[in-house]
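Please open the structure in your viewer and keep the selection tool at hand. This tour moves from the whole chain to a pair of helices, then to a core and a few single residues.

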Amino acid sequence: MDYKKTKAPHTTVTRDMNSVEEEVGNVYETVAILGKRANQISSALKKELDAKLQDFSVPQDGIDEVFENKEQIEISKSYERLPKATLIATQELLDHQLIYHNGSRDAALKDRF
């Protein structure tokens, strides 16, 4: 997913937990789902950023040599301007783009049919 085109807010937004938990049915389960998705998003963004910054890495012999590359700084700043992973995960849940599975609930449904 292209996180740069997400319509998640860039600042913290107060939300009504009753409306957020409606889809899942349990506040604690909703928070756990959002936390796991936020970790997935965060690690994906980190891998993407590391891959882009790898092009600029130069093996250095000494600690004294530090080079500032304007392109590298701009790439880093563009990732810093993105919404936080928790905000992206919450927006995905509200937009019904988040798919999750509950093992115990899925097993109970299988037993019934």
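The stops below each give something to select and a description of what is found there.

**The whole protein.** Begin with everything shown, bearing in mind that this is a predicted model. Colour by secondary structure and you should find 5 helices and 0 strands, so that, read along the sequence, the pattern is α-α-α-α-α. Of the 113 residues, 25% count as buried, and the protein exposes about 8700 Å², of which carbon and sulfur atoms supply 52%. Among contacts between residues at least 6 apart in sequence, 76% join residues that are at least 24 apart.

**Helices α2 and α4.** Next select α2, which covers residues 27–54, together with α4, which covers residues 85–94. Their axes lie 8 Å apart and the two helices pack at an angle of about 120 degrees, which means that α2 is oblique to α4. The crossing of this pair is right-handed. To see where they meet, show the side chains of Thr30, Leu34, Arg37, Ala38, Ile41 and Ser42 on the α2 side, and on the α4 side those of Ala85, Thr86, Ile88, Ala89, Thr90, Glu92 and Leu93.

**The largest nonpolar core.** Which residues of the largest nonpolar core touch the most other members? Select Ile41, Leu45 and Leu93, which hold that place among the 17 residues of the core. The elements that give two or more residues to this core are α2 and α4, and α2 supplies the largest share, with 6 residues. In soluble globular proteins, nonpolar side chains tend to be buried together.

**Leucine 93.** Stay with leucine 93 and display what surrounds it, leaving aside its neighbours within four places in sequence: the residues in contact with leucine 93 are then Val20, Glu23, Val24, Thr30, Leu34 and Leu98. Two of these, Thr30 and Leu34, belong to α2 and also appear where α2 meets α4.

**Valine 27.** Finish at valine 27, which is found in helix α2. Is valine 27 buried or partly exposed? Its relative accessible area is 30%, and because buried requires under 20%, valine 27 counts as partly exposed. Beyond its neighbours within four places in sequence, valine 27 is in contact with Met17 and Glu21. If you draw a distance between the C-alpha atoms of valine 27 and methionine 17, which are 10 residues apart along the chain, the separation is 7.3 Å.

How values were computed. Residues numbered from 1 in each chain as written. Predicted model: local features only at pLDDT ≥ 70, side-chain atom pairs only at ≥ 80, totals over all residues. Heavy atoms only, no water. Helix = DSSP H or I, 4+ residues; strand = E, 2+ residues; numbered from the N terminus. Buried < 20%, exposed > 50% of the residue type's maximum accessible area, 1.4 Å probe, protein only. Contact = heavy atoms within 4.5 Å. Core = buried A, V, L, I, M, F, W, Y, C linked by side-chain atoms within 4.5 Å. Areas by Shrake-Rupley, 256 points an atom, 1.4 Å probe, with all protein chains shown as cover. Axes fitted to C-alpha atoms, helices over the stretch in contact; angles between N-to-C directions. Parallel < 35°, antiparallel > 145°, perpendicular 65-115°, else oblique. Left-handed = near helix turned anticlockwise from the far one by under 90°.
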